[in-house]
Each structure stands twice: as structure tokens, then as C-alpha cells.
Amino acid sequence: MYWLDSLQWLALVVTVIAAWMVSNETRSRRLIGFWVFLLSNVLWLVWGVHAQAFALVTLQLFLAVSNIHGVIKNRR
């Protein structure tokens with residue numbers, strides 16, 4: 001279970017990379033950034049369930065919807 005405890009650090013790094021990519025002026029990098037954000041949502045969900053951090057789980061579900069919206073808007 002040690003890897004689940006450490007998952008929060010991977011999720012943090014992935015989230016920071018995603019934020020950096022979404023702020024890019026290049027449309028393709030922004031789109032990749034939204035997909036990376038979705039990966040970070042999944043990582044945070046897994047860790048949040050493991051840690052019983054249900055407010056974080058709820059937040060990540062809402063942020064995932066927001067990131068899906070970002071993917072759709074950047075494909076146009």
C-alpha cells in the first residue's frame with residue numbers, strides 16, 4: 001500500500017505539468033494539457049478514495065467535467 005500513499009506526489013507533479021501545458025499559447029499543447037489534467041483527476045480520485053478524502057474525490061469529479069469541457073472546446 002506504500003505506492004498508494006505515494007500516489008499523491010505523482011498526482012501533484014502531473015497536475016503541475018498539466019497546468020503548465022494548458023497555459024500554453026499553442027492549441028495542440030493546450031489540448032494535451034487538458035488530457036494530462038484528466039489523468040491527474042484519475043490519480044487524485046484513486047488517492048482520495050484510498051485516503052478517504054471524499055471532499056477531494058468530489059472536487060476531482062467536478063474538475064474532470066471541467067477538463068472534459070476544455071477538451072471539447074479546444075477541438076473546435
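How are α1 and α2 oriented to each other, roughly parallel or roughly antiparallel? In this predicted model, the axes of the two helices come within 8 Å and cross at roughly 160°. Angles over 145 degrees count as roughly antiparallel, so α1 and α2 are roughly antiparallel to each other. As for handedness, the crossing of α1 and α2 is left-handed.

Helix α1 itself is worth a quick length check. It takes in residues 2–22, which makes 21 residues, and at 1.5 Å a residue it should span 30 Å. The C-alpha atoms at its ends sit 31 Å apart, so expectation and model agree. That said, α1 does have a bend of about 30°, placed at Q8.

Now for what α1 tucks away. Its buried residues are L4, L7, A11, V14, A18 and M21. Part of their cover comes from α2 (27–51), the helix whose axis crosses that of α1 at roughly 160°.

Over in helix α3, which runs through residues 54–75, N67 gets a look of its own. Its relative accessibility comes out at 8%, and since buried means under 20%, N67 counts as buried. Who are its partners? Once neighbours within four places in sequence are set aside, N67 is in contact with F34, F37, L38 and N41. In short, the picture has α1 and α2 roughly antiparallel, α2 helping to cover the buried residues of α1, and a buried N67 in α3.

Note on methods: Residues numbered from 1 in each chain as written. Predicted model: local features only at pLDDT ≥ 70, side-chain atom pairs only at ≥ 80, totals over all residues. Heavy atoms only, no water. Helix = DSSP H or I, 4+ residues; strand = E, 2+ residues; numbered from the N terminus. Expected span 1.5 Å × (residues − 1). Bend = angle between axes of the 7 residues up to and from the residue. Buried < 20%, exposed > 50% of the residue type's maximum accessible area, 1.4 Å probe, protein only. Contact = heavy atoms within 4.5 Å. Axes fitted to C-alpha atoms, helices over the stretch in contact; angles between N-to-C directions. Parallel < 35°, antiparallel > 145°, perpendicular 65-115°, else oblique. Left-handed = near helix turned anticlockwise from the far one by under 90°.
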